[in-house]
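I am opening my notebook to record, entry by entry, what I look up in this structure. I want to go slowly and write down only what I can point to.

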Amino acid sequence: MNDNQSNNSNANAKKDIEQNKKAKDSSSIILEDEKDIVLDHNYDGIKELDNPLPKWWVNMFYLTAIFAVVYTGYYHFSSGHLIEDSFQKSMIVEIKEDSDSSTAMASVGFSEEHASIDEGASLYTSRCAACHGQKAEGIIGPNLTDSYWLNGDGTNDSIYNVIKVGIPEKGMISWEKLLNPSQISSLVLYIQSIKGTAPANGKSPQGTLFE
Amino acid sequence: MNNQPQTQPPKNDVFQYDDSIVKKFIIATIGWGFVALLVGVILASQLANWTFNLDLQWITFGRLRPLHTNAAIFAFAGNAIFAGIYHSSQRLLKTRMFSDVLSKIHFWGWQLIIVSAAITLPLGITAGKEYAELEWPIDILIALIWVIFAINYFLTLKVRRERHIYVAIWFYIATIITVAILHIVNSLAIPVGLFKSYSLFSGVQDALVQWWYGHNAVAFFLTTPFLGLMYYYIPKVIKRPVYSYRLSIIHFWALVFIYIWAGPHHLLYSVLPEWAQTMGVVFSIMLLAPSWGGMINGLLTLRGAWDRVRKEPILKFFVASLTLYGMATFEGPLLAFKSVNALAHFTDWIIGHVHSGVLGWNGFMIFALLYYCVPKLWKTKLYSDKLATTHFWVATVGIILYIMSMWASGITQGLMWLGLEDGRLMYPDFVETVTKIIPLYYVRLVGGLLYLSGYILMIYNLVRTIASAPKNQQPISYSAPPLQKVEHDHNTGESSHRWLEREPEILTILVIVAVAVGSVIEIMPSLTSHKFVAQETTKKPYTALELAGRDIYIREGCYTCHSQMVRPIKAEVLRYGPKSELDDSIYDHPFQWGSRRIGPDLARVGGKYPDIWHFRHMEDPRSMAPGSIMPNYPWLLKNNLDYGILEKKLRVMQTLGVPYSDENAEHALEDAKAQALEIGKNLDPSIDAKKISKKEIIAVIAYLQSLKAQESHEPSHGETKQGH
Ligand code: HEM
């Protein structure tokens, strides 16, 4: 403790005269209640106080450490809380729900109840036009305005089904997870409504003719 | 101390500080800071409106984002740290830097690194690891320059005239040591050519090393050196004693020891073993107190001078910087909770968190340093206090807009991704979750513009200040007695830490031990477990063409927007497909799990769309996904793929342990050409298959189509192992 004191005061005393003034300027302003706790450290004029660690801070530190133990215990030393466990649990529920909803869906099928051509038209532009063309003339996917069908027979139920499950291996994705039943029905209505419009640059017919 | 033989007081040395090196670093800071912020604003505009990608490959988001992060961290913050370290250390140690030549090499070497980064990153030359994108020749240069800096620094400590080293110096030492270790380990790679290398590690192992590095780049590049600067500049400016010496000691050691463990909080819900994830979480939570220790020691040092905060812009910057530091280090542990991270990870919330750290804590600390040092070093007065105050307010409003908009955007998007209704996704269309937050991207852009405007005010202010400096300044001479040898005597009542403060070598060794413990415990087990997986897996390595496509994916920085990690969360599995497994990425040198989902996850995109969909989508994303904000990649349809290098690439992969046979490597070229032609034919009758199969786009399609779940985890029909 004391060897550096002599050292520092030594250094201070020996400073150049011009520096001396500066050093005084830059030395710390010590408040009245701090006089007793100023340490004899001096680094380029910086002093340090010997204040104790704030109590709340120390408690916070302990609390986080205790929490760390509890947290680890919760996940690793009590059963069923690992990420994998909760995931498996959520998926079991999923399968049950799924079987409910898929039977429910199957019974829904095509239905005009909540469907509308307008909704179908706007869905078509945003989701389908990329592959089937703005006017359904066919690009990657086939022309949807003719009466030739590669899949199914062109009835409402058949088109509904194609859109729902898709033909993934041929590049038509399944829309089941992206659209709800009434939206798919709207698309069906829209597709039926444009039949025979014979747009320019239409792709030549593919598949079988169904009248 | 009186038991020391009282010979004559030693004769004083007369010496001068090397301030010209400090001035150089200051000017570099000011310049690079402008570049970093400008690039940031450009990126913000690209997310708000994709057309700002301008269809130019060099400035697409994926290539520019690494430039922004590197410029902000290593050029802006880096130069500022060096300026502060050179300025304060000389004064705290009462000595000139050991060698002016080494200082100069450090300065010019560092600028060379930055310039190389600024050239190579837009060209797509990248190692593909976040915050460590620079390719191997630059990595080696960084290591060299850093070692030169370290040598110069430790020799300066040797020739010091102040017996004890101050807390700021402890933080500088921790920075110098740890950054060297992190950088070297994380950059280990095998070169394929001058501008291309493959990380030594792969998959989960690479991820762990990368985030051990990444998180501690935050810790030891953006936190410890800045705490050092804080401990010097706050007491200097305010002329008040540091609040608590004991707090300095405790929070220093706690911070250095605990930080290194927290890296895995970047990998929650990934395929990293859960014990490692939990360790990352709990150490993140325990980081709260050590971090706040620094903040309160700084804020309480300002005690009794609050009236001056109202008047002096420098003090305003200090207070706001520390407050935002406190906020970021409260938010960090919060984000590290598994349940919070499930919502926040991959969203803009993280980006908001980062920027309260860098814009607030780091940025404001740097501004305070510049406003203090420039007038001091150029021996004049600041041109305008008023302008500096305006800078403060403009920047503060900028930060608030930035952080608030990213919170809103992150939480909105996080909730939309996870939203389920009757077991189905509420927002199955990813693009819908993007268009929803576009308005917030505009708010962020405004925030960024404000911050940049404030910065420009500062440049003007500082330039005017420097211009008003008196000419022909004489360097000031200082004098102090040389250090005398003292024998350590325990009877003097000196505390052991006080003793440590005059033994910097031992302090350095203790720092190394403190950071080594967490590093070894966390990283070692993963290295072994990975080998185990490698022997069991049925995963086939990429074909030569897929590998070429993957390298283009890395070059274009797709990972800055797309993750490849389907987390074990129901909504995620419904959206993307089967959750990711350890062996999905086992041959990925480097891993590409990503940290942000500006676009959807791609780990399961293979087979989801036909080849022609990808072809059209890369050329013009909006033709396939209306509303998308992804840039166009027309050059992929024009550039020819470099088939010649494929054999070499496979050979390097072989060295890294990927099970390619020699035959695979020899036939790399023909195999790739055959596969490319197949894809070309598959596209569309109107496209010339032969011609198109030479192009880069085909390789990208091949790679994307290869990203799938493993068929089955039980080896099905005998083909357990190929290669050896
Ligand atoms: C107690 C201190 C802190 C903790 C525990 C902490 C924790 C975290 C967490 C949990 C993440 C999110 C990881 C993810 O989900 O991807 C994160 C990201 C990040 N934080 Fe912090 N943080 C702290 C302080 C800071 C500070 C002070 C800064 C800046 C100076 C900062 C900069 C970053 C950066 C750059 C990222 C990475 C963003 C990315 O993934 O690309 N953090 N931090």
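**Entry 1: a covered helix.** What covers the buried residues of H22(B)? Before answering I note that the model is a predicted one. I find that the cover includes helix H5 (117–132) of chain A, and that it also includes helices H23 (621–624), H26 (668–683), H27 (689–692) and H28 (696–706) of chain B. I then looked up how much of the helix is hidden: eight of the nine residues of H22 (residues 611–619) are buried, so this helix is largely enclosed by the rest of the structure. The buried residues are B:Asp611, B:Ile612, B:Trp613, B:His614, B:Phe615, B:Arg616, B:His617 and B:Met618.

**Entry 2: the loop before H22.** I followed chain B to the loop between helix H21 (570–576) and H22, where I found B:Pro590. The peptide bond that joins B:His589 and B:Pro590 is cis, with an omega of about -5°.

**Entry 3: chain B as a whole.** I stepped back and looked up the secondary structure of chain B, which has 28 helices and six strands. Its C-alpha trace spans about 95 × 55 × 50 Å along the principal axes. A compact globule of 724 residues would have a radius of gyration near 27 Å, and chain B agrees with this because its own value is 27 Å. I also noted that 66% of the 724 residues are buried. Of the contacts between residues at least 6 apart in sequence, 82% join residues at least 24 apart.

**Entry 4: surface and charge.** The accessible surface of chain B comes to about 25,800 Å², and 65% of this surface belongs to carbon and sulfur atoms. I found 64 positive and 55 negative side chains in chain B, and the centres of the two sets lie 12 Å apart.

**Entry 5: the iron atom.** Which protein residue is a donor of the iron atom of the ligand? I find that B:His353 is the only protein donor, through its NE2 atom at 2.2 Å. B:His353 belongs to helix H14 (residues 348–377) of chain B.

**Entry 6: two loop residues with positive phi.** Just past H14, in the loop between H14 and helix H15 (385–418), I looked up B:Lys379, whose phi is positive at about 50° although this residue is not a glycine. B:Tyr131, also not a glycine, has a positive phi of about 65°, and its place is in the loop between helix H3 (100–120) and helix H4 (136–158). Are these residues buried or partly exposed? B:Tyr131 is buried, with a relative accessible area of 18%, whereas B:Lys379 is partly exposed, with 36%.

**Entry 7: two buried helix residues.** I looked up B:Asp19, which lies in helix H1 (residues 19–48), and found that B:Asp19 is buried at a relative accessible area of 19%, because the cut-off for buried is under 20%. Leaving out residues up to four places away in sequence, B:Asp19 touches B:His87, B:Arg91 and B:Leu377. In helix H2 (residues 61–93) I then turned to B:Phe82, which counts as buried at 1% relative accessibility. With the same neighbours in sequence left out, B:Phe82 touches B:Phe25, B:His106, B:Trp110, B:Trp146 and B:Phe149. As a last entry I noted that B:Phe82 and B:Arg555 are 473 residues apart along the chain, and that their C-alpha atoms are separated by 31 Å.

Key
Residues numbered from 1 in each chain as written. Chains lettered and ligands numbered in written order. Predicted model: local features only at pLDDT ≥ 70, side-chain atom pairs only at ≥ 80, totals over all residues. Heavy atoms only, no water. Helix = DSSP H or I, 4+ residues; strand = E, 2+ residues; numbered from the N terminus. Rg over C-alpha atoms; globule rule 2.2 N^0.38 Å. Buried < 20%, exposed > 50% of the residue type's maximum accessible area, 1.4 Å probe, protein only. Contact = heavy atoms within 4.5 Å. Areas by Shrake-Rupley, 256 points an atom, 1.4 Å probe, with all protein chains shown as cover. Lys, Arg positive; Asp, Glu negative; His and termini not counted. Charge placed at Lys NZ, Arg CZ, Asp CG, Glu CD. Donors = N, O, S within 2.8 Å, 3.2 Å for Na, K, Ca; no water.
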